[in-house]
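Reader: I should be grateful for a close account of the aromatic residues in this model and of their surroundings. Please state each criterion as it is used.

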Amino acid sequence: MKTSHIINAAQAIQQAILNNESTLESLDREIGDGDHFINMKRGANTIVEMQAELATLTPDAALNKIGMKLLSTIGGASGPLLASFFMSMGKTLKENGDDSQLKIAAAFAAGVQAIIQRGKADIGEKTMLDVLIPVSNQLVLLAAQNCETQKICTSLTSVAEAGMLSTKNLIATKGRAAGLGERAIGHIDPGAKSCQLMVEAVCKRILLEA
Ligand code: ADP
Ligand code: MG
């Protein structure tokens, strides 16, 4: 992994978030407080603005820096959760190295575990984890099989999509939507949607580079 890959991924994520303003905003208006797009936009813009500084760092240090910055820039529930993902991913890469798909997959999985621990949520609770847990599991599985990058990216894009859609018919048991009970049914979770968009954008970018 190179720091330039992380910067390219951040640019791709920024575009995906900006292109989906109305979707993200209306999803969070339906079952939240309507600020999810603003939160994600602020986070993505801040990271892209840091690209010159990030370029001087190793990948693990860049991810740690991204996490620390998100902690202070994204508000809401999603800020600290996404921050802990990047900090934990950076820490794991620092400890284990970043020179194989398997190590990158393990670091991604550690990032998802950090979200689980911080938010005390799991799969099936109508949150971003309904995308991130299946994506992480699939990434670890395919990396262990030494699957080629193109195949991994195609697979993760569809796993993310399925996870995002799965939130539609769930009752929320964590986050703001938890107070809505059955009224949350029929609405996709905004954090799951933004995570699906991020996975899709990064995979697309990797495919372009491959
Ligand atoms: P807030 O809910 O504070 O307004 P955002 O709108 O930015 O913050 O983010 C809402 C998203 O955060 C939800 O759609 C959900 O995916 C995610 N979320 C909320 N609580 C948790 C949690 N405990 N664990 C994982 N994800 C969560
Ligand atoms: Mg919100």
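Author: A residue is called buried when its relative accessible area is under 20%, exposed when it is over 50%, and partly exposed in between, with a 1.4 Å probe and protein chains only. The model is a predicted one, in which local features need pLDDT of at least 70 and side-chain atom pairs count only at pLDDT 80 or more, while totals for chains, interfaces and linings use all residues. Residues are numbered from 1 along each chain as its sequence is written, chains are lettered from A and ligands numbered from 1 in the order in which they are written, and side-chain values use heavy atoms, with hydrogens and water left out.

By the first criterion, phenylalanine 86 is buried, since its relative accessible area is 18%. Phenylalanine 85, at 7% relative accessibility, is likewise classed as buried.

Rings of Phe, Tyr and Trp (its six-membered ring) are paired if their centres lie within 6.5 Å; planes under 30 degrees apart are stacked, over 60 edge-to-face, and the rest tilted. Two aromatic pairs are found in the whole structure. One of them joins phenylalanine 85 to phenylalanine 86, edge-to-face, with 5.0 Å from centre to centre and 90° between the planes. In the other, phenylalanine 85 meets phenylalanine 108: the centres are 5.1 Å apart and the planes stand at 75°, so this pair too is edge-to-face.

Helices (H or I, at least four residues) and strands (E, at least two) are DSSP runs, numbered from the N terminus. On that basis, the pair of phenylalanine 85 and phenylalanine 108 links distant parts of the chain, for phenylalanine 85 lies in helix α6 (residues 78–96) and phenylalanine 108 in helix α7 (residues 101–119), 23 residues apart. Phenylalanine 108 is buried as well, because its relative accessible area is 15%. Phe85, Phe86 and Phe108 thus belong to one aromatic cluster.

Helix α6 also contains serine 78. Serine 78 is buried because its relative accessible area is 8%. With contact taken as heavy atoms within 4.5 Å, and residues up to four places away in sequence not counted, serine 78 touches His36, Asn39 and Met128.

In summary, phenylalanine 85 takes part in an edge-to-face pair with phenylalanine 86 and in another with phenylalanine 108.
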